[in-house]
Amino acid sequence: MREYLLGNVAIARGLLEAGAGVVAGYPGTPSSEIIEALADLKGNLPVHLEWSVNEKVALEVAAGASWTGARAAATMKHVGLNVAADPFMTLAYLGVGAGLLVICADDPFCHSSQNEQDSRRYAQFSSIPCLDPADPQEARDMTVFGFELSERLNVPVMLRPTTRVSHARADVECALPKMRTQKGQFIKNPARRVALPSHARPLHAELIKKQALMEEALESAPWNRLSLNGKEGVIASGIAGLYVEEAISDLDLDISFLRIGTYPVPSKLIGRILEHVSRVLVVEELEPVVEEQVERLARKINPDVEIMGKGDYIPRDGELDFLAVRNALSRMRGLAQTPPVCVPAAEKILPPRPPALCPGCSHRATYYAMRKAFGKKAIYPSDIGCYTMAVGMGTVDTCLCMGASITLASGIRFGGESEGICCSLGDSTFLHGGMTGLLNAAYNKARITVTILDNSTTAMTGHQPHPGTGVTATGDKSVQISLAALAKALGAGLVETVDPNDLGKSIEAFREAKAYPGLSVIIAHQPCVIKSRRAGVKRKSFSVGSDCTGCKTCIEFGCPAIEFEEKKARINALCTGCGVCAQICPSTAILEVV
Amino acid sequence: MKTSECDVVIVGVGGQGVILISDVIGRAAVKAGKPVRGAETHGMAQRGGSVINHTRIGCSFSPMVASGKADVLLALEPAEALRFSHFLAPHGVALVNTLPVHPITVTTGKAIYPPLEEILLPIKSLCRFLRPIDATALAKQAGTAQAMNVVMLGALSKYIPLSEDLLLQALAEVVSPKFLQANAKAFLLGKAEVESDS
């Protein structure tokens, strides 16, 4: 049956078709829809789904399930694999029970990420196979194949879609979900499950030996395709293969072409194209993973072959597209290149439309109160979430990785900074990677203020639940963790919860925290406006009365619901009724619509 | 050699319903037995930012339309039409909803929203035909301003190789039954609006 599916939904379908028993993940663009789709699709199938607290946890849960005989997968974005790197590296030694898939979605061009690291390097680093789909159909097919491969080789397998695969849609051929009727049982085997040095040494040697088996198993995989034609050739991997195919078709070229979809790379196929051609262009996004292998093989097989790729023909940063690849091929063939269409008027007259905090977003109010209390000179380390978009408010001085706001703040204090330090991170980010930092700050006596921007959801990635919400990935009720009790337990001296929409009380709480001679935590609690709207919460909107003096204090607050027209403020239809602007207005000209 | 039967670029502002249009086209294409590819904007950019969706009907290559290759640019907002006008092919058609949505840079007085004529003029010179449409007014006429995107889909239907019947079937799959009647009406109003265009 063919359906029009999002790449991530195609992966979810593949997981069900392969009979996965456990899927765990932490939300992160572009990976989040895999578990969301599974929650929609699972019905009565016996699949344990979870939003884990972070990616390390997710991978360990999946590994435990695999060792118990359930096919298991962990989903994450590329930077999530940094968090999960510890179990990831050693799992390659220990191996799997039932198939184990690490689904790691990369984001070339940093569409929604802090970096564009290439996870194929991680697969290479840990010596496990990596499947690199070019489109949703391949993503679905590789998901099913990945489990079989993992079981055959007794190693975890990485599936590495990129944004243009995870967030692409295509007609995809799917089958029905499969039930695997296997009794879950953990079989004790210390030599393979306990990574003592004496066990790890032979397991590492075994893993190295397996590399040849991996290559053999993947050489004939359907995603490695060779066509030998002209004496010039192209080797491309992942989605770059599609750009090359389209360019060859568009330019009507007689050219030899090897498309690669699996790692370790298929050396025999690379050898055959290298024997056949005199020049070869390697096309891949980000790192020269394939190119380095092509160079290594060429030294043995055909040292005279000219190899073109990174740095000159193909950029090492950003994402590729059809035109960039077509131009690289044109250049190799000595054909005219096509510059991208440029519309000078667009640059000249268009107002920028950057993403911004929503109308009525409580993060804006929290940051306003924070800055009122802490002042311009204070240092404001921040974190990963919607609130990073408030960089223009002057309360986002750093953003490094999940949870780093607290630890950077501590380091800034210990490094000698004497101004006030008030850091901020979201509730989900705090639970993901902030708790250890808070514990460390308490233990090592960092005099800082930590603000938890608690909107009771993981908003940026599409409103996934977390332990603070008391609901699981499948919508079941669960234990609801109190952030205040947690902060106390981790050693914070002062813990205060405020409603950021009550500006006066919030400013007061921040002043108290600033004066506190130890580690203080402010929890700014107000549910995300998008979630509230979906839940049917309705508040009366506000409007600007005749007392407006046009002072622009409310405009500077930056809410998209406030506009400036004919020297006066005006509140538009986007108003959610948070009422914060009414508290800011020095002329009390903003009033609730009765 | 032509690598796609029809390349459509759909643009607008987060929340206007860009993805729904592509979803309907994709489903209709599958019903027609045609290969189809799409690429969407998710994540950070959605929060009030510019949104772009590529949809390629009768195509088995990558999901992205190349610069200068779009047969149709469907814009739910005029400034976004100009922002993404570099996708238009010289033989292409631009269908543009005329109601502006002011970005935060304009509402806070940091930038100016140019007059409609100034926005449309450079687009005209890039393509065969530009058609401004007051889709929001037509959607209100159909019963709900929210159906503006479906009015634009109706107008688009003239220029894509998919039958009205299949598009309406696909539309029924993605909108809630409660709003189906208003949406079907919106589709027909959009289609009628461009009927006599060349």
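# A guided tour of chains A and B

In chain B of this predicted model, residues 24 or more positions apart account for 67% of the contacts with a separation of 6 or more.

**Stop 1: chain B as a whole.** Select chain B and colour the chain by secondary structure. Its secondary structure comes to 8 helices and 6 strands. Read from the N terminus on, the elements follow the order β-α-β-β-β-α-β-α-α-β-α-α-α-α. The radius of gyration of chain B is 16 Å, close to the 16 Å that the globule rule gives for 198 residues, so chain B is as compact as a globular protein of that length. Turned along its principal axes, the C-alpha trace of chain B spans about 50 × 45 × 40 Å. Of its 198 residues, 59% count as buried.

**Stop 2: the contact between the chains.** Now display both chains together. The contact takes 48 residues from chain A and 47 residues from chain B. On chain A, select strand 1 (2-6), strand 8 (168-173), helix 11 (240-251), helix 14 (322-333), helix 15 (344-349) and strand 20 (562-565), each of which supplies at least two residues of the side that touches chain B. Helix 11 of chain A gives the most to that side, with 6 residues. The residues of the side of chain A that touches chain B divide into 30 nonpolar, 6 polar and 12 charged.

**Stop 3: a strand pair across the chains.** Keep strand 8 of chain A selected and add residues 36-39 of chain B, which form strand 2 of that chain. The two strands run antiparallel and are joined by 3 bridges. To find one of the paired positions, select Arg169(A), whose bridge partner in strand 2 of chain B is Gly38(B).

**Stop 4: a sheet in chain A.** Move next to the open sheet of 5 strands in chain A, where the order is 9-11-10-13-14 and the pairing is mixed. Its edge strands are strand 9 (225-227) and strand 14 (306-308) of chain A, each pairing on one side only. From one strand to the next, the twist averages 15°. Within the sheet, select residues 232-237 and 256-260 of chain A: these are strand 10 and strand 11, which pair in the parallel sense over 5 bridges. In this pair, Gly233(A) stands opposite Ser256(A) of strand 11.

Add helix 12 (residues 267-276) of chain A, which packs on the sheet and touches strand 9, strand 10, strand 11 and strand 13 (279-283) of chain A. The direction of helix 12 makes about 160° with that of strand 11 of chain A. Then add helix 13 (residues 289-301) of chain A, which also packs on the sheet, touching strand 10, strand 11, strand 13 and strand 14 of chain A. The direction of helix 13 makes about 155° with that of strand 13 of chain A.

**Stop 5: two packed helices.** Select residues 55-67 and 85-94 of chain A, which are helix 3 and helix 5. They pack at an angle of about 30°, with their axes 8 Å apart. Helix 3 of chain A is therefore roughly parallel to helix 5 of chain A. Show side chains for Lys56(A), Leu59(A), Glu60(A) and Ala63(A) in helix 3, which meet Asp86(A), Pro87(A), Phe88(A) and Leu91(A) in helix 5. The residues of this contact divide into 5 nonpolar, no polar and 3 charged.

**Stop 6: helix 17 of chain A.** Finish at residues 404-414 of chain A, where the buried residues of helix 17 are Ala404(A), Ser405(A), Ile406(A), Thr407(A), Leu408(A), Ala409(A) and Ser410(A). These buried residues pack against strand 15 (422-426), helix 18 (427-443) and strand 16 (449-454) of chain A. Just after helix 17 of chain A, Gly416(A) takes a positive phi of about 120°.

Terms used
Residues numbered from 1 in each chain as written. Chains lettered and ligands numbered in written order. Predicted model: local features only at pLDDT ≥ 70, side-chain atom pairs only at ≥ 80, totals over all residues. Contact = placed C-beta atoms within 7 Å. Helix = DSSP H or I, 4+ residues; strand = E, 2+ residues; numbered from the N terminus. Nonpolar A, V, L, I, M, F, W, Y, C, P; charged D, E, K, R; others polar. Pairing = 2+ DSSP bridges. Axes fitted to C-alpha atoms, helices over the stretch in contact; angles between N-to-C directions. Parallel < 35°, antiparallel > 145°, perpendicular 65-115°, else oblique. Rg over C-alpha atoms; globule rule 2.2 N^0.38 Å. Buried ≥ 20, exposed ≤ 12 C-beta atoms within 10 Å, placed from the backbone.
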